Amino acid sequence: MTEQTPGTPDYTMGFSEDIVEVLKRSTVEDSAAYLLPHLRPGLRVLDFGCGPGTVSVGLARAVARGELHGVDMEKSQIELARAVAEAHGQENTVFHVGDVLDLPFTDGFFDVAHCHNVLMHIPDTHAALTEVKRVLKPGGIMGCREMICESSFAHPDAGGVQTAWRGFEDLVDADDGHAQMGKEVKNHLIEAGFVHVRITAAFHVFSEPEELDFFYGLVTRWFLAPEITGAAIKYGAATARMAENIKAAYEAWREHPGAFAAIAFGQAVAVKP
């Protein structure tokens, strides 16, 4: 595949160590369980925006004897995905550096397409879904799981905790993303020509000590990192004082015995007519 300008040039999350760790923690069981009933051995699956491949290998396992093709715009993620697949012994995987707006596959190549937290970062949702629909067979399945930022939370709020969520929403939107994609995705799928769209919702909960430590570290090391807060301040999504308040609020949150956090998702399964 030739190098090209990706359809998501301003990927809000970036590829820091902390974000890659977030991506690597995802599995097919916790991130794509809604899609598993639609998979069977022998199918050919597209996982676009596959990241480090930890969900991809689970999808590949579910369709063994079939094929899993993972696509991501970031070369480092594709290298990780290949290593993960090798470690899991999933030989029915192929990973490509590429762009969902210009997929290197013929029309009707796939039985199933999947993405997790990808559409929310693509400015032109319609173009992405139209391209994915092109490479699906008639009757092919599209499955996607996307965040609903405004329904995500950390509790209790000692003052400033939810400010971080609002700042993240503003940052995604400033990068021409879609912070509420999880509740908008049904309409996007319908407008792209998919039918039989079914929506469910789910929370990913952080409540055990190790999970709380991870979540706290993500906020303090990633969201409050200079490159992120700098971008948020530049876009008007935060101020220096706000960042200080968020840090203090999350320190108080982590020490609270009732602390927990939850990320909200909308999950969609649709069919290409």
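**Exercise 1. Locate proline 156 and describe the peptide bond that precedes it.**

Step 1. Proline 156 sits in the loop that runs between strand 6 (153-155) and helix 6 (161-174). Helices (H or I, at least four residues) and strands (E, at least two) are DSSP runs, numbered from the N terminus.

Step 2. This is a predicted model, in which local features need pLDDT of at least 70 and side-chain atom pairs count only at pLDDT 80 or more, while totals for chains, interfaces and linings use all residues. Residues are numbered from 1 along each chain as its sequence is written, and side-chain values use heavy atoms, with hydrogens and water left out.

Step 3. Histidine 155 and proline 156 are joined by a cis peptide bond, with omega about 0°. Most residues other than glycine have a negative phi, and most peptide bonds are trans.

**Exercise 2. Find where arginine 65 and aspartate 176 lie, and state the sign of phi in each.**

Step 1. Arginine 65 belongs to the loop between helix 3 (54-62) and strand 2 (67-72). Its phi is near 85°, a positive value in a residue other than glycine.

Step 2. Arginine 65 counts as exposed because its relative accessibility is 76%. The classes are buried (under 20% relative accessible area), exposed (over 50%) and partly exposed (in between), with a 1.4 Å probe and protein chains only.

Step 3. Aspartate 176 is placed in the loop between helix 6 and helix 7 (181-191). Phi of aspartate 176 is near 65°, again positive in a residue other than glycine.

**Exercise 3. Describe the surroundings of proline 41 and of glycine 108.**

Step 1. Proline 41 lies in the loop between helix 2 (28-31) and strand 1 (44-48). With a relative accessible area of 46%, proline 41 is partly exposed.

Step 2. Not counting residues up to four places away in sequence, proline 41 touches Ala62, Val63, Ala64 and Arg65; contact means heavy atoms within 4.5 Å.

Step 3. Glycine 108 is in the loop between strand 3 (93-97) and strand 4 (110-116), and at 24% relative accessibility glycine 108 counts as partly exposed.

Step 4. Beyond residues up to four places away in sequence, the contacts of glycine 108 are Arg134, Val135, Leu136 and Lys137. Glycine 140 is 32 residues from glycine 108 in sequence, and their C-alpha atoms are 8.5 Å apart.

**Exercise 4. Determine how helix 8 and helix 10 pack, and which residues meet.**

Step 1. Helix 8 (residues 209-223) and helix 10 (residues 240-255) pack at an angle of about 175°, and their axes are 11 Å apart. Axes are lines fitted to C-alpha atoms, for helices over the stretch in contact, and angles run from 0 to 180 degrees between N-to-C directions.

Step 2. Helix 8 and helix 10 are therefore roughly antiparallel to each other. Angles under 35 degrees count as roughly parallel, over 145 as roughly antiparallel, 65 to 115 as roughly perpendicular and the rest as oblique.

Step 3. From helix 8, Pro209, Leu212, Asp213, Phe215, Tyr216, Val219 and Phe223 meet Ile246, Tyr250, Glu251, Trp253 and Arg254 of helix 10.

Step 4. The residues of this contact comprise nine nonpolar, no polar and three charged. Ala, Val, Leu, Ile, Met, Phe, Trp, Tyr, Cys and Pro count as nonpolar, Asp, Glu, Lys and Arg as charged, and the others, Gly among them, as polar.

**Exercise 5. Identify the best-connected members of the largest nonpolar core.**

Step 1. A nonpolar core is a set of buried Ala, Val, Leu, Ile, Met, Phe, Trp, Tyr and Cys residues joined through side-chain atoms within 4.5 Å.

Step 2. The largest core has 57 residues, of which Phe48, Leu119, Met142, Leu189 and Tyr250 touch the most other members. Helix 8 gives the most to this core, with seven residues.

Step 3. Another core, apart from this one, has 23 residues, including Val45, Ala81, Phe95 and Ile141.

**Exercise 6. Establish how many disulfides the structure holds, and examine cysteine 144 and cysteine 149.**

Step 1. A search of the whole structure finds zero disulfides, a disulfide being a pair of cysteine sulfur atoms within 2.5 Å.

Step 2. Cysteine 144 is in no disulfide, and the nearest cysteine sulfur, that of cysteine 115, is 4.9 Å away. Cysteine 144 counts as buried, at 0% relative accessibility.

Step 3. The sulfur of cysteine 149 is 15 Å from the closest cysteine sulfur, in cysteine 115, which is too far for a bond. Cysteine 149 is also buried, with a relative accessible area of 0%.
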